[in-house]
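This report goes through selected helices, ring pairs and charged pairs of one protein model. The sequence and structure come first, and the text follows them.

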Amino acid sequence: MGGWEVDVPGQSEFLERFTRMSRRSAAGVISTYSTSFTVASRLLSPRIRRDIEALYAVVRIADEIVDGTAAAAGCTPGQVRGLLENYEELVLGSLGCGFSADPIVHAFGATARACDFDPGLLRSFFAAMRRDLTRQVYDPRELGTYIYGSAEVIGLLCLDIFLRETDTSPADRARMEQGARRLGSAFQKINFLRDRAEDAQLLGRTYLQAVGEEGKQELLLDIRADLDAARASIPLLPLGARAGVRAATELYDRLLELIDGAPLEELSSTRIRVPASTKAGLAVTAVFKEVLRR
């Protein structure tokens, strides 16, 4: 079978079957690692949800490489770096090749080619992941670069998925790109606050400099401004994306409220979570708001 020519009848069926399996594998990643994004993704149109799942899966696996899973398996620091570099090569290679033996990369490649992903955005993401291999403390300038690569570019890639085969004016596109970047930035900064204890104790990383109560409130104001800017761009998105994006935004806004109400000592020792019942309620509310807008 390995010697068949490309145009042998029936071979396309093999590719379609492999692609279906790959997409199911990608869907399993998001359902395993994030209940919040799983809830939000269910509100997306089927095509958008499939592509978002493929993007999330690649991002999640890169995170796992650098966030201790590979080390827990006995990999040395040099091997972890090699794994990340090899994974980057696989992911970038999928932009130009219609097959990957890695099912997650294969699913991602189908999405990336269909949505015309910018390889520069992907390189920025992997550059941020490499920083996590050596950088233990981030100063404000380094943190801005890190947030762009680790979160804002993901927002831009999500926007490429939403706008696939959609005509939009340059002005609206610019507003949506700004909203996508600021939503990604807000999510990442909320994660920094929520995961403060885990980042410091398990990974030895300090993304935020010493934050007192005053500094915490300044950061919360900054995050709320990002969320407000992102909300303003949601009505410009295609219908199949709006409820899911709104749900994700409101889920993180609720998480921000819980963080605001938690003492700094609690954030330094506990991971704040949004109850499952609250997540479900926010998802229903997001759908209701979009129905009223139609």
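## Charged pairs and helices

Arg 173 is partly exposed, with a relative accessible area of 25%. The model is a predicted one. The side chain of Arg 173 meets that of Asp 160 in a salt bridge, with 2.7 Å from N to O. Asp 160 belongs to helix 8 and Arg 173 to helix 9, so this pair ties together parts that are 13 residues apart in sequence. Asp 160 counts as buried, at 12% relative accessibility.

The structure holds 20 salt bridges. Side chains of opposite charge can pair when their charged atoms come close. Three of the salt bridges are listed here, each with its N to O distance.

| Salt bridge | N to O distance |
|---|---|
| Arg 130 and Glu 88 | 2.6 Å |
| Asp 160 and Arg 173 | 2.7 Å |
| Asp 226 and Arg 182 | 2.8 Å |

In the pair of Arg 130 and Glu 88, the closest N and O atoms are 2.6 Å apart. Arg 130 lies in helix 7 (residues 119-134) and Glu 88 in helix 5 (residues 77-93), so the salt bridge ties together parts that are 42 residues apart in sequence. Arg 130 is partly exposed, with a relative accessible area of 24%, whereas Glu 88 is buried, with a relative accessible area of 12%.

Asp 226 and Arg 182 meet through their side chains, at 2.8 Å from N to O. Here the parts tied together are 44 residues apart in sequence, because Asp 226 lies in helix 11 (residues 213-233) and Arg 182 in helix 9. Asp 226 is buried, its relative accessible area being 5%, while Arg 182 counts as partly exposed at 25% relative accessibility. A network of salt bridges links Arg 47, Arg 50, Asp 51 and Arg 164.

### Helix 8

Helix 8, which contains Asp 160, covers residues 140-162. At 1.5 Å a residue, its 23 residues should span 33 Å, and the end C-alpha atoms are 31 Å apart, which agrees. The helix has a kink of about 40°, centred on Tyr 148. Of the 23 residues of helix 8, 18 are buried, so the helix is largely enclosed by the rest of the structure. At the start of helix 8, a side-chain oxygen of Asp 139 reaches to within 3.1 Å of the backbone nitrogen of Arg 141.

### Helix 6

Helix 6 (residues 103-115) has 13 residues, which at 1.5 Å a residue should span 18 Å. Its end C-alpha atoms are 18 Å apart, in agreement with that value. Since 10 of the 13 residues are buried, helix 6 is largely enclosed by the rest of the structure. The buried residues of helix 6 include Ile 104, Val 105, His 106, Ala 107 and Phe 108. Gly 109, Ala 110, Thr 111, Ala 112 and Cys 115 are buried in this helix too.

At the start of helix 6, a side-chain oxygen of Asp 102 comes to within 2.9 Å of the backbone nitrogen of Ile 104. Asp 116 follows helix 6 and has a positive phi, near 55°.

### Aromatic pairs

A pair of aromatic rings is described by the distance of the centres and the angle of the planes. The count comes to 13 aromatic pairs in this structure. Phe 108 and Phe 117 form a tilted pair, with 5.7 Å centre to centre and 50° between the planes. Phe 108 is buried, with a relative accessible area of 0%; Phe 117 counts as buried at 4% relative accessibility.

Phe 187 and Tyr 252 form a stacked pair, with 4.1 Å centre to centre and 25° between the planes. Phe 187 lies in helix 9 (residues 170-194) and Tyr 252 in helix 12 (residues 239-260), so the pair ties together parts that are 65 residues apart in sequence. Phe 187 is buried, with a relative accessible area of 11%, and Tyr 252 is buried, with 6%. Ring pairs link these two residues with Phe 37 and Tyr 56 into a cluster.

Note on methods. Residues are numbered from 1 along each chain as its sequence is written. This is a predicted model: local features need pLDDT of at least 70, side-chain atom pairs count only at pLDDT 80 or more; totals for chains, interfaces and linings use all residues. Side-chain values use heavy atoms; hydrogens and water are left out. Helices (H or I, at least four residues) and strands (E, at least two) are DSSP runs, numbered from the N terminus. The expected span of a helix is 1.5 Å times one less than its number of residues. The bend at a residue is the angle between axes fitted to the seven residues ending there and the seven starting there. Buried means under 20% relative accessible area, exposed over 50%, partly exposed in between (1.4 Å probe, protein chains only). A polar contact is a pair of N or O atoms within 3.5 Å; within protein, one must be able to donate a hydrogen and the other to accept it, and residues adjacent in sequence count only if both atoms are side-chain atoms. Rings of Phe, Tyr and Trp (its six-membered ring) pair if their centres lie within 6.5 Å; planes under 30 degrees apart count as stacked, over 60 as edge-to-face and the rest as tilted. A salt bridge is a side-chain nitrogen of Lys or Arg within 4 Å of a carboxyl oxygen of Asp or Glu.
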